Amino acid sequence: MRVFEKQGTVDEELAAKFDSELSLELMEYQDEMPLGLKEFLDSSLFEVNDKPGEEEVELVGKFGDETIRVEFSIADLNVANSAEDLDDSALFDDQTSDDGITSGGTQSKSGKSEGRSPAGNTDEEDDFDDDQPVSFPSRVNVTIEKASGGALQFEAVAQDGMIVIDNVYYHKSAELATAKTVHADWERRGLYAGPPFANLDEDLQVLLERYLDERGINTALALFIPDYIDYKEQKEYVSWLSNVKNFVES
């Protein structure tokens with residue numbers, strides 16, 4: 001195999017750009033968990049399992065003889081940001097300056113989180129951006145396991161302080177409900193999920209919602225999840241910037 005001794009010409013510039021972006025993010029980076037998230041965990045039945053470098057987050061709690069697992073992912077925030085970028089790009093394409101040049105541009109993650117707007121926006125447009133929290137749907141999987149065996153699994157979405165149930169699965173084996181293997185995933189795909197939740201009898205829907213509410217799957221959790229996703233995604237982004245910069249420099 002041929003080995004080229006010549007060093008890459010873009011390495012230094014790329015590393016400097018990563019360093020600049022990292023410095024920008026670190027200006028407002030908060031490594032410590034925000035107080036609101038701590039307060040939720042201190043007052044709820046859940047403990048958080050959050051492994052650095054992974055997208056998935058798990059909350060685990062005990063309710064009587066039941067083990068309750070709540071899983072969600074920071075990938076939902078990235079999807080939401082991508083959709084927002086597409087909308088912004090379409091808007092910028094329609095905006096032209098007086099000399100006929102189309103205006104546009106990109107923002108850093110810090111800029112987006114602060115509601116910064118592209119150059120040329122009017123004060124009226126800024127009114128829609130400043131201090132307006134971005135709401136995005138977060139997919140949530142809730143698994144309730146009984147010590148005697150079996151599990152119920154709820155597919156839901158957390159948004160705007162609500163937990164909206166989509167489907168309810170019954171598993172004879174709690175292990176099947178929680179296993180992270182390809183085989184288990186294939187088996188779960190073939191399970192009957194019952195009718196869509198919205199098609200169930202209304203009284204049954206209400207009782208299932210109350211069933212979850214008693215187990216901490218409630219408004220407080222629906223507000224916690226997107227806030228935790230935002231907190232974790234920022235931590236992972238800062239770590240990613242640092243890792244890639246160090247790799248390029250080495």
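Q: Two strands count as paired if DSSP finds at least two bridges between them. What makes strands β2 and β3 a pair in this predicted model?

A: Strand β2 (residues 56-63) and β3 are joined by eight bridges. The cut-off is at least two, so they are a pair, and the sense is antiparallel. As one example, Val57 has Phe72 in β3 as its bridge partner. The two strands form a hairpin with two residues between them, where Gly64 takes a positive phi near 65°.

Q: How do you know that β3 also pairs with strand β4?

A: The same test helps here. Six bridges link β3 to β4 (residues 138-146), and at least two are needed, so this is a pair too. These strands run antiparallel, with Glu66 opposite Lys146 in β4.

Q: Why is strand β3 described as largely enclosed by the rest of the structure?

A: A residue is buried when its relative accessible area is under 20%. In β3 (residues 66-73), seven of the eight residues are buried, so the strand is largely enclosed by the rest of the structure.

Q: Why is Glu47 called buried or exposed?

A: Glu47 belongs to strand β1 (residues 46-49). Its relative accessibility is 61%, and exposed means over 50%, so Glu47 counts as exposed.

Q: What does Glu47 contact beyond its neighbours within four places in sequence?

A: Glu47 is in contact with Glu58, Leu59 and Val60, which means that heavy atoms lie within 4.5 Å. As for Arg69, 22 residues away along the chain, its C-alpha atom is separated from that of Glu47 by 9.7 Å.

Q: What makes the lining of the second largest pocket a mixed one by class?

A: The lining has eight nonpolar, six polar and 10 charged residues. Altogether 24 residues line this pocket, and those nearest its centre are Asn141, Gln153, Glu155, Asp185 and Arg188. Asp, Glu and Arg count as charged, so Glu155, Asp185 and Arg188 belong to that class. The pocket has a volume of about 640 Å³.

Q: Which element gives the most to the lining of the second largest pocket?

A: That is β5, with four residues. The elements giving two or more residues include β3, β4 and α7 (182-189).

Q: How do you know how confident the predictor is in this chain?

A: The mean pLDDT is 80, with 75% of the residues at 70 or more. Over residues 96-108, however, the pLDDT is below 50, and this stretch has 17 contacts in the model beyond near neighbours in sequence. Residues 110-132 are also below 50, with 22 such contacts.

How values were computed: Residues numbered from 1 in each chain as written. Predicted model: local features only at pLDDT ≥ 70, side-chain atom pairs only at ≥ 80, totals over all residues. Heavy atoms only, no water. Buried < 20%, exposed > 50% of the residue type's maximum accessible area, 1.4 Å probe, protein only. pLDDT = per-residue confidence, 0-100. 1 Å grid on protein atoms, 1.4 Å probe; cavity = no way out; pocket = protein on both sides within 12 Å on 5 of 7 lines; lining within 4 Å. Points joined across faces, edges and corners; volume = space filled by probe spheres on them.
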